[in-house]
Amino acid sequence: MPPAKSGIADYSAVLVEHLRQGAEVDVITSARPGFNADAYDAVVYQIGNNGYHDYVYETAVAHPGIVVLHESNLHHLLTDLTIRREDWDGYVAACGYDGGAEALAFAERVRRLEIGPDYDGVPMLRRLMESAKAVVVHSRAVEADVRRAGFAGPVARIPHGAWLPDGDRMGFRDRLGLDEQAPLIGVFGFLKPYKRIAESLRALRRLVRVRPDVKMILCGEAHVDFPVAELIRGMGLEENVRMMGYVPIEDFTGYISACDIVLNLRFPTVGESSGTLLRSLGLGRAVVVSDVGSFAEYPDATCLKVPVDVGEEDTLFEYLNLLVSRPAVGRAMGGRARQWVAEECNWTRVAGMYRDFAAAVR
């Protein structure tokens, strides 16, 4: 839960607020010795692939309940539970349990520091799926992964809840020193390589030749192993790109509203759903996503989809050029997106689906 710097924290806070309109809810934010799951009609575990969720995972394995998977890979979480606690035996055993002899042999090489963990190849879902009573997912992509992991119980596909804020567009453009006419592109959230930031910057470099006044903001914490600032300097984009760092959620939403275009690109993907994407759609922004995983499932009328192939940079440039040169196209797409979010992903509907599913499986 907030103030943790996590999209799932923001999601959980709003979900709980709406769940309480029809249920009594106890929020557990740390390991609770002597936890009694039988005191509740249902226990719901929000699981993400990072160390914030260590106690959630451990409690879910010990006390089966409804597991909400925000993505279909938990390898980073399991390394936090094992390697970061200097439990190499536990890490190797977990890899072998999830991926068999080949994963076990690979993990032994990781133990010997010959190679890094196979974060993409071994999803570490099996043990959690064996203990879960039921599973909630946000997409068909993650549902398929859950079934491939051997889970045969009830699965509910519940949309990721969405926000419909009214952002202070001009107020935040003023903060950036921009008038209404300057095209602004935004990338939001942790600045990790898989968000196709290098590809986005290369497409922007081409766009600057056509529209020298175009700007981009990168709003989120930098990744220690991904030198974004060096990339920006190397491409000569210092005048066009600003790194904002981590900002509070109110400012985060404000900067999205200031943008004309939001890039929400991902590859590789493990089926994750993006709260930032839902905020952007709810704000009526023109959004460009990668045509993979859960992102490919969004209605074509609500966003533009970029295939991750040899033509990715070309397609991205063409989409950006279209949206910058014909802003009415982006506004129309954003309007459709906001309407779809309001009808399909509103928090009242999402919370109702949670309550109905919990009642059905308890």
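Two arginines sit over one ring here: R126 lies over the face of Y97 at 4.2 Å from the ring centre, and R127 does so at 4.0 Å. For a charge to count as over a ring, NZ of Lys or CZ of Arg must be within 6 Å of the ring centre and within 35 degrees of the ring normal. Keep in mind that this is a predicted model, where local features need pLDDT of at least 70, side-chain atom pairs count only at pLDDT 80 or more, and totals for chains, interfaces and linings use all residues. Residues are numbered from 1 along each chain as its sequence is written, and side-chain values use heavy atoms, with hydrogens and water left out.

**Aromatic pairs**

- The structure holds seven aromatic pairs (rings of Phe, Tyr and Trp, the last by its six-membered ring, with centres within 6.5 Å; planes under 30 degrees apart are stacked, over 60 edge-to-face, the rest tilted).
- W88 and Y91 are one edge-to-face pair, since their ring centres are 6.1 Å apart and their planes stand at 85°.
- These two are three residues apart in helix α4 (residues 88–111), so about one helical turn separates W88 from Y91 (helices are DSSP runs of H or I, at least four residues, and strands are runs of E, at least two, numbered from the N terminus).
- W88 is partly exposed at 24% relative accessible area, while Y91 is buried at 1% (buried is under 20%, exposed over 50%, partly exposed in between, with a 1.4 Å probe and protein chains only).
- F172 and Y255 also pair edge-to-face, at 5.0 Å centre to centre and 75° between the planes.
- That pair links distant parts of the chain, with F172 in helix α7 (residues 169–175) and Y255 in helix α10 (residues 249–258), 83 residues apart.
- F172 is buried, at 7% relative accessible area, and Y255 counts as buried at 7% too.
- Y11, W163 and W347 make up one aromatic cluster.

**Second largest pocket**

- The second largest pocket has a volume of about 1100 Å³ (a pocket is an open set of points on a 1 Å grid over the protein atoms alone, with protein on both sides within 12 Å along at least five of seven lines; the volume is the space filled by probe spheres set on the points, which are joined across faces, edges and corners).
- Its lining has 42 residues, and V25, D26, V27, V43 and V44 are the closest to the centre (lining means an atom within 4 Å of a point).
- α1 (7–19), β1 (44–47), α2 (54–62) and α14 (347–361) each give two or more residues to this lining, and α1 gives the most, with six.

Definitions and conventions
On a 1 Å grid over the protein atoms alone, a cavity is a set of points where a 1.4 Å probe fits but cannot get out, and a pocket is an open set with protein on both sides within 12 Å along at least five of seven lines; lining residues have an atom within 4 Å of a point.
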